[in-house]
Amino acid sequence: MTMQSISNQSQLFTLEEFLAYDDGSDQRYELVDGELIARQAETQGNLQIAKYLLFEWAKYLPLQLIALGTELEVTGKRSSCRIR
């Protein structure tokens, strides 16, 4: 699976800029070390993980807080941020 960087070497995005970014297409992006990376289509494995997380969240959170478009931000030295 190949990911393609679309950022210039001189243009790095902050998390806030990434969350506000819209290129007008349906393309999904990932923020890795400040660079926008074009994402491939979801795999069946990724969809299974997303469903698992949804059911786990439903055990602890009111369903009103779990909505279409809900985002999870993960921070850390080696983490990356994804958006739909």
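**Notebook: aromatic rings and a salt bridge**

Phe13, Tyr21 and Tyr29 form one aromatic cluster. Note to self: this is a predicted model.

*Entry 1, the rings.* I looked up the aromatic pairs and got two for the structure. I started with Phe13 and Tyr21: their ring centres sit 5.6 Å apart and the planes make an angle of 80°, so I logged the pair as edge-to-face. The cut-off for that label is over 60 degrees. Next I pulled up Tyr21 with Tyr29, an edge-to-face pair too, at 5.6 Å centre to centre and 85° between the planes. Tyr21 takes part in the pair with Phe13 and in the pair with Tyr29.

*Entry 2, accessibility of the cluster.* Are these residues buried or exposed? Phe13 comes out at 14% relative accessibility and counts as buried, because the limit for buried is under 20%. Tyr29 is buried as well, with a relative accessible area of 9%. Tyr21 has 32%, so I put it down as partly exposed.

*Entry 3, charges.* I then searched for salt bridges and found one in the structure. Which side chains meet in it? They belong to Lys59 and Glu56, with 2.9 Å from N to O. That fits the cut-off, because a salt bridge needs the nitrogen within 4 Å of a carboxyl oxygen. As a reminder, side chains of opposite charge can pair when their charged atoms come close.

*Entry 4, where the bridge sits.* I checked the helix assignment: Lys59 and Glu56 both lie in helix α2, which covers residues 44-60. They are three residues apart, about one turn of the helix. Lys59 has a relative accessible area of 56%, so I noted it as exposed.

Definitions and conventions:
Residues numbered from 1 in each chain as written. Predicted model: local features only at pLDDT ≥ 70, side-chain atom pairs only at ≥ 80, totals over all residues. Heavy atoms only, no water. Phe/Tyr/Trp six-rings, centres within 6.5 Å; stacked < 30°, edge-to-face > 60°. Buried < 20%, exposed > 50% of the residue type's maximum accessible area, 1.4 Å probe, protein only. Helix = DSSP H or I, 4+ residues; strand = E, 2+ residues; numbered from the N terminus.
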